[in-house]
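Visitor: I would like to go through some of the labels used for this model and hear what each one rests on.

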Amino acid sequence: MNAHVPLQSGIYHLDADVYHADPAPAPSLSSTIAKIMLAQSPLHAWTASPRLNPDWEPKDSKTFDIGRAAHRATLGAGSDFCAIPDDILASNGAASTKAAKELIESAREAGLTPLKSAEVLQIEAMQAKISDKLAALNIDLDPAHSEVAALAQIDGVWCRAMVDNAPGDARQPLYDFKTTIDASPDAAMRAVMNYGYDVQAAHYLDTWKAATGEDRLFRFIFQEKTAPYEVAVIEVGPDSMMMARKKIARARAMWANCLSVDDWPGYPLGVHRIELPEFFHSRWLERESVEADHKNRTGKDVLEMARQWQSPEPFRHAGE
């Protein structure tokens, strides 16, 4: 599909490069750009837009390879992966030989994700684990419904979202798959806060409803990248989703305003005075309290005790 032919509101199966080039009738808001707009500035959002920034280039990094390959293995859609033969790797296992570099370059040109044999085994182990886990939860990620792009206008703003899996049954949630170091619910909660996944969920749900008329739930599937490759299915609660929808509505309003006047401000000019959070100060006050208690009990400063403990043996005996 030609990336230069604008698409109207609806649901599409698009190649990743077409989707990321932004095929909407006007520069559209993605969840990534919305998060940048809210966390940094409109200027950063402009820079991340393929339709606004003439120097925009898609990001491609080795650090994304395991995630891309895991998506392919789990969702049955997206770029396939291939193995780099062990015999063309350097003696230390690095893909630094001429043959390895040429294979990697040709693989990427063909749209493949090159992986070392150990990484292929890792992906296979992850696939086996998540297949068992999702089957036990009665979650069916049918490849025919994977990587579905939604385009729609909301409040006069064109929005786009690439949903990892959208089951054909509208009563089922939309799913987003993420690889991580720690998939425990507590770690997932921190990831949602740190990476703005709540905003992503709200954006996807709003865009999907505008494109289809369907009200859905949204769930994340987190999987660890190291053994035992555990999996957790996470749903952001209703109170948090209410706040997330306020955030994404604000991002849409900012996007619409900046587009209308073609003005994309960065950080405000001036000296920005900051106050550190209370918990940061509490750590120091706690340390002061511990050190004062130590001195009251022993008559010695903690520093003096540390100096003696770190001294050479003869000096420590002499000072005792």
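Guide: The model is predicted. A good place to begin is E304, which has a relative accessible area of 33%.

Visitor: Why is E304 called partly exposed?

Guide: Buried means under 20% and exposed means over 50%. E304 has 33%, which lies in between, so E304 is partly exposed.

Visitor: Where is E304 found, and what separates the C-alpha atoms of E304 and D86?

Guide: E304 belongs to helix α11, residues 302-310. Its C-alpha lies 56 Å from that of D86, and the two residues are 218 apart along the chain.

Visitor: How do you know that the span of α10 is close to the expected one?

Guide: Helix α10 covers residues 278-298, 21 in number. The expected span is 1.5 Å times one less than the number of residues. For α10 this gives 30 Å, and the helix reaches 30 Å from its first C-alpha to its last, so the two agree closely. Just after α10 comes G299, with a positive phi of about 80°.

Visitor: Which residues line the second largest pocket, and what makes eight of them nonpolar?

Guide: The pocket has a volume of about 200 Å³. Its lining includes P185, A188, M189, V192, M193, I234, V236 and M243. Pro, Ala, Met, Val and Ile count as nonpolar, so these residues fall in that class. D198, E235 and K247 also line the pocket, as does S240; by class there are three charged residues and one polar.

Visitor: Which helices supply at least two lining residues each?

Guide: They are α7 (185-195) and α9 (238-261). The largest share, five residues, comes from α7.

Terms used
Residues are numbered from 1 along each chain as its sequence is written. This is a predicted model: local features need pLDDT of at least 70, side-chain atom pairs count only at pLDDT 80 or more; totals for chains, interfaces and linings use all residues. Side-chain values use heavy atoms; hydrogens and water are left out. On a 1 Å grid over the protein atoms alone, a cavity is a set of points where a 1.4 Å probe fits but cannot get out, and a pocket is an open set with protein on both sides within 12 Å along at least five of seven lines; lining residues have an atom within 4 Å of a point. Grid points are joined across faces, edges and corners, and a volume is the space filled by probe spheres set on the points. Helices (H or I, at least four residues) and strands (E, at least two) are DSSP runs, numbered from the N terminus. Buried means under 20% relative accessible area, exposed over 50%, partly exposed in between (1.4 Å probe, protein chains only).
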